[in-house]
Amino acid sequence: MSNIGAYWAERGEIVLMIDMDLTAPGLSYSPLLGEWLHEDGTNNGFSDLLETYFRGRATHPDQLHFLPPRHLIREVHRPGPNGLPQKEMPWGKKHGKRGRLLAIDAIQQRWSRHGPDQGEPSTDGEQSDPVPYLIRANLPNAIPPEEGWGESETAEEHALRALALAIRTDLENWRDSEVPSRGIDRVLIDCRTGFPELVEMTLGYLSDRMVLVAGLNEQNRAGMRHLLEALKSRIGIGEFPGTLRLVFSPVPRSDDEMHVINARKACERILETMMRTESSSQARESLPSISLLHYTPLLATGDSPLVITQPHLLYAQEVREIARWLEGNYRMSGVIENVKERLDETADLLASAIQKEQKKSSKPKRKNPVIGLPRWDWPLPPEMDPTAREAKRDALLAFAPGIAVDRDQFLNGLSWSVSMSIEDKEKILKETEEMSEFRVQELRTIFAEERQKFLSMDESLWEQLLQRFRDHQMDWARLLAGQEGVKRFLTAPLTGDHPHQNWELWPAYWIANVYDMHDEFNDAPRLALLLDKAIEAAHGDPNSLGQLAVFLKTKTQDMDRAEELYQRAIDADPRNAINLGNFALFMQDVRKNMDYAEELFQRAIEADPQHANHLGNFALFMHKVRNNMDYAEELFQRAIEADPRHATNLGDFALFMETVRNNMDRAEDLYQRAIEADPRHAHHLGNFAVFMETVRNNMDRAEELYQRAIEADPRYALHLGNFALFMQKVRNNMDYAEELYQRAIEADPRHANNLGNFAGFMEDVRNNIDRAEELYQRAIEADPRHANNLGNFSSFLLANGKREAGLTRLQAAFDLAPKERELQVELLFYAATHAPDAYPRALAELKERIQEGCRSPGWNLKTHVEIARQRQDPRLELLTRLAAVISDGADPAILEELPLWQEA
């Protein structure tokens, strides 16, 4: 225990060790123990806490007599090179975080002495309370029971659980005197199992995880068998690997000797015979985790924890392994490497099993999601008879004759594996006919090891496990029964079939089913049922409610219900930055309630000032909505400081510096950083392409970026359209341009800009008047307020003899484009050419614009000049020169000699 405690303290954690071994309290006499941290607890140990409790039970059984364990804590000093305590050398110094190792020792022979703390006789002959700070409180009427506990408890068991609850609560409230924000990270308890009351309290009520240390001899094997039988009433089926670890110690260094091997096998046989059968799969539950602790003479000759003084020893390595199991943070590297080496595959193998522990909240009692998985054949139709199932099994596993293996057990292990992709599993099934018996046994070992590791993972990782196992189970259902298997997987819990019953308390399970039902099947009634189940399971969980709100907004467009769930999520946790930021976007984009959106953005970054995504979104809000460019720039800067490789923020900031600040060097640097952070970010690749085309005039680089953008997202309509325009105007590659235009409008049939540009292409390049008119019509229908398309369509109609329709579109364009100066020049030219009576001031306004320097370079006005020629318009010379000035870059001085221009 002291070795594990020292290992954690050296990593910077605050660790408390409690010595409850009252017959051999070795920790209590450690030379590393220092003074008591609380003056009232001096010379008291855990035996005093128990004495207080039991004396009180004898006299007042309806009360809890409680000595707070935080008063009994002593400091444990780090050993120096000579093994003596060294107070000036703190724990965790090498790791950059101050750790502490604390202890509550077992006994100080306190009751054999006489003194003021003994308690003086009272006047009525009864001895007073033994300690002056004793807490006496009525037993709680209802102690929150663990699942399935408490219903048949005796009064004594109820009282012991009350004591355990009080101990846990008291220690949870302890705070470091030097850093008040820090509490105890981990508690280790040493308890010999010969004391029934202590066993009841520690193994039943105090411990989250237990380590049983036993020798390899027959006496120890018998004791192990009895304790395991007792623990079956405490540990549910399938939960042994996550709750109990067996450590065989001491084991001689020559553990390859036959008598040692036989002793270990005898222990394992005992364990195997004691394992129960899971009702869902009819498979025997996995064994508890097993470790060996090899003997080293240094244990017998010193008091220093070898895990830090001699970390290279095999013993120290084994202690670290046990410590990692107690943490629940098992890296799957061993299992992964076995799979890679034995199967020569490189599938995605739970690359991130270790993540930052999530904050625990009040949730229903849940089991490890690895427990209770159904048999391999579950996705098959329920009406399939046993003979047909056996035929299916034999078809899947075509082992060579003579290979002795339980095929159902093998398929169970394969179906439950998540360190293999579904492609890995299909490959194994295809190779079974060629497999040797040795390889079959290797795979069975991998399945067993993997399952045991996952069953051992800490509760904080269970939700990640659930998501991974769920995806693999759905893939297995697809492998066995195709889409029908997937549909049954998603809908089974709605029809009374509960193949994954342990998952149904988790909102993540229902949320995943909701998404998959939406994406895989067009089944609105069942989707609605799954949504109801997901919302019910989410209850007051802010993260789940927020995820469901996002689903309703993005997938079903049920905005009213989405808003309700966002509001519930924020009510449940008013400082949940993710929900606040998402709700802000909802208010901005959906409800157009900009004041509330701004408030929510502000609250989101107050809740998490380093949340790069929300900082970037708020910057865009300030830019696009509030037109507050200084604050927008500040927010962009904060966003990329919070996450210098956030591709979206880098690209958005680049566009801001280009279009708002006109700082092209800074913009180019940000664009480059954005695509380095995410080389396949189609949006920023396309924007950078436009930048290189229009700002840097680097057409080769622009073409490369356009190509990368549409390779990254072949259906990104905006960049397909921009690339089409590039190929038309810059590369003069009309065939490829037409192909790109076609792909762009297939990707987004209502993209008004692409439709308008394609219409112009069909008009000017292909001379396909009917197709051009159809595309113009579609562009206007997609966006009736797109001034540029209206102006171009008016030009098209006027050029093709549809004067009245053209003038109608012309007026609509005038109404929508008062600030678009280049477009205004074109529109005034059309008005002056085709309807001087309707627009008598058109020529005068056109003169003002030209004198201001407005032009529309490259635009084809010759068709309209030709119409004037055909009409024998007396202003033909003026219109011809005007067209040259507006679109061809001619000097406006050529207009000055014309009387009509002088009079305008």
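## Aromatic pairs

The structure holds 33 aromatic pairs. One of them joins Phe688 and Phe691, whose rings are 6.1 Å apart centre to centre with 40° between the planes, a tilted arrangement. Keep in mind throughout that this is a predicted model. Phe688 and Phe691 lie three residues apart in helix H27 (residues 682–694), so about one helical turn separates them. Both Phe688 and Phe691 are buried.

Helix H31 (residues 752–764) offers another pair to look at: Phe758 and Phe761 are three residues apart there and therefore separated by about one helical turn. Their ring centres are 6.2 Å apart and their planes stand at 40°, so this pair is tilted. Are these two residues buried or exposed? Phe758 has a relative accessible area of 1% and is buried; Phe761, at 0% relative accessibility, counts as buried too. The reasoning behind both calls is a simple cut-off, because buried means under 20% relative accessible area.

## An aromatic cluster and its surroundings

Which residues make up one aromatic cluster? Tyr566, Phe583, Phe586 and Tyr596 do. Phe583 is also a handy link to Ile570, since Ile570 touches Phe583 along with Asn579, Leu580, Leu600 and Arg603, leaving aside residues up to four places away in sequence.

Ile570 itself is found in helix H20 (residues 559–572). With a relative accessible area of 3%, Ile570 is buried. If you would like a distance to check in your viewer, try Ile570 and Gly540: they are 30 residues apart in sequence, and their C-alpha atoms are 9.9 Å apart in space.

## Charges over rings

Two arginine and tryptophan combinations are worth a visit. The charged end of Arg366 sits over the ring of Trp506, at 4.5 Å from the ring centre. In the other case, Arg451 places its charged end over the ring of Trp416, 4.3 Å from the centre.

## Packing of H33 and H37

Now for a pair of helices. Helix H33 (residues 787–799) packs with helix H37 (residues 862–870) at an angle of about 35°, and their axes are 10 Å apart. The crossing of H33 and H37 is left-handed.

Which residues of H33 meet H37? On the H33 side they are Ser795, Leu798 and Ala799, and on the H37 side they meet Thr863, His864 and Ile867. By type, the residues of this contact divide into three nonpolar and three polar, with no charged ones.

Methods: Residues are numbered from 1 along each chain as its sequence is written. This is a predicted model: local features need pLDDT of at least 70, side-chain atom pairs count only at pLDDT 80 or more; totals for chains, interfaces and linings use all residues. Side-chain values use heavy atoms; hydrogens and water are left out. Axes are lines fitted to C-alpha atoms, for helices over the stretch in contact, and angles run from 0 to 180 degrees between N-to-C directions. Helices (H or I, at least four residues) and strands (E, at least two) are DSSP runs, numbered from the N terminus. A crossing is left-handed if the near helix is turned anticlockwise from the far one by less than a right angle, and right-handed if clockwise. Contact means heavy atoms within 4.5 Å. Ala, Val, Leu, Ile, Met, Phe, Trp, Tyr, Cys and Pro count as nonpolar, Asp, Glu, Lys and Arg as charged, and the others, Gly among them, as polar. Rings of Phe, Tyr and Trp (its six-membered ring) pair if their centres lie within 6.5 Å; planes under 30 degrees apart count as stacked, over 60 as edge-to-face and the rest as tilted. Buried means under 20% relative accessible area, exposed over 50%, partly exposed in between (1.4 Å probe, protein chains only). A charge sits over a ring if NZ of Lys or CZ of Arg is within 6 Å of the ring centre and within 35 degrees of the ring normal.
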